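Visitor: I would like to look closely at one part of this protein rather than tour the whole of it. Please take me to a single turn and then work outward to its surroundings.

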Amino acid sequence: MRALPLGAQDASEFPHAINLPTADHLEGWDIGFLLTHRFVLPAKGHSKDLYGLDEHANAGFGLDFGIQAIPGLDAQIYRTADMKTLSLALQERVVATDHWRVAVRVARYDETVEGGRQGGLLQVPVDWQVNADWTFSVVPTYLTRTATAEKVATAGFGVRWMPGARHGVLAEYYPRPSQVSEAFEQGWSLGYQYRTRGHRFTLVATNIPAAADHQVLGGDYSGLGPRPSQYWSLAFNIVRIF
């Protein structure tokens, strides 16, 4: 997402980059809509399968609600077709200065798989806005359970470069948690974002075919984990703020 101009941290902004939450929030009673697509087939060096677009995609959608009665509070709901995952979250921004934004986010997630899988997470998104163009992020995260492990502590890292009002580059890195088998890969995402009034469209290359943050950060998505980096696939996010 675009780094907010220094001294203008109260602007309404959707608190989500590629897969990681940010410390931004929606002002007043603003509503944000998020649509995600993660194509499953890896992109290849030819156009025979349209670089992976001929195969199906893991689609998801979510809503974020600003809560005017409690400044800095957002309520979030996200649903993805992959494993029929439902996530419910509350996020409160607790620090907002010219260079730093910090939020606290708690969420519950339910995956409809054989036997069912439920869990919760606690996150502390921290954004360091160096200047109007550059923002660096770290998201310390505690997960009660993943596909193969319990009580997982990890962190995601991100950078956002927004040199103008319309164009930007986003990158995220998801290390493999120490509790997860070394057989699993580390994850990454790289995106180009185009912004218009109220819209953010982000085209992404990533080695993770998941979009829910607990799956991405867990390191063992669906018990398989991210692909090797050379088998990346295409994806996109669309955000609309009302």
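In the hairpin formed by strand 11 and strand 12, how many residues lie between the strands, and which residue in the turn has a positive phi?

Guide: Two residues lie between strand 11 and strand 12 in this hairpin, and the residue in the turn with a positive phi, about 85 degrees, is Gly198. What you see is a predicted model, in which local features need pLDDT of at least 70 and side-chain atom pairs count only at pLDDT 80 or more, while totals for chains, interfaces and linings use all residues. Residues are numbered from 1 along each chain as its sequence is written, and side-chain values use heavy atoms, with hydrogens and water left out.

The two arms that meet at this turn, strand 11 (residues 187-196) and strand 12 (residues 199-206), run antiparallel and are joined by eight bridges; two strands count as paired if DSSP finds at least two bridges between them. Strands here are DSSP runs of E with at least two residues, helices are runs of H or I with at least four, and both are numbered from the N terminus. Across this pairing, Arg195 has Arg200 in strand 12 as its bridge partner.

Strand 11 also has two contrasting faces: Gly187, Ser189, Gly191, Gln193 and Arg195 point to one side and are buried, whereas Trp188, Leu190, Tyr192, Tyr194 and Thr196 point to the other and are not. Buried means under 20% relative accessible area, exposed over 50%, and partly exposed in between, with a 1.4 Å probe and protein chains only.

Strand 11 pairs as well with strand 10, in the antiparallel sense and over eight bridges, and Leu190 in strand 11 is the bridge partner of Ala171. Strand 10 (residues 167-174) again shows two faces, the covered one carrying Gly168, Leu170, Glu172 and Tyr174 and the uncovered one carrying His167, Val169, Ala171 and Tyr173. A further step leads to strand 9 (residues 150-161), which runs antiparallel to strand 10 and is joined to it by five bridges. Here Tyr173 in strand 10 is the bridge partner of Phe157, and a hairpin of five residues connects strand 9 to strand 10.

Ser189, on the buried face of strand 11, leads to Asn19, with whose side chain the Ser189 side chain makes a polar contact at 3.5 Å. A polar contact is a pair of N or O atoms within 3.5 Å; within protein, one must be able to donate a hydrogen and the other to accept it, and residues adjacent in sequence count only if both atoms are side-chain atoms. Asn19 is found in the segment before strand 1 and counts as buried because its relative accessibility is 2%. Beyond its neighbours within four places in sequence, Asn19 is in contact (heavy atoms within 4.5 Å) with residues including Glu172, Tyr174 and Ser189, as well as Arg38, Ala210 and Val216.

Moving further out, a search of the whole structure finds six aromatic pairs. Rings of Phe, Tyr and Trp (its six-membered ring) pair if their centres lie within 6.5 Å, with planes under 30 degrees apart counted as stacked, over 60 as edge-to-face and the rest as tilted. Phe39 and Phe236 form a tilted pair, 6.3 Å centre to centre and with 50 degrees between the planes. This pair links distant parts of the chain, since Phe39 lies in strand 1 (residues 31-39) and Phe236 in strand 13 (residues 233-241), 197 residues apart. Phe39 is buried, at a relative accessible area of 14%, and Phe236 is buried too, at 18%. Elsewhere, ring pairs link Trp100, Trp128, Trp134, Phe136 and Trp161 into a cluster.

As for confidence, pLDDT, the predictor's confidence in each residue from 0 to 100, averages 90 over the protein chain, with 92% of the residues scoring at least 70. Over residues 1-10, however, pLDDT stays under 50, and for these residues the model has 46 contacts beyond four places in sequence.
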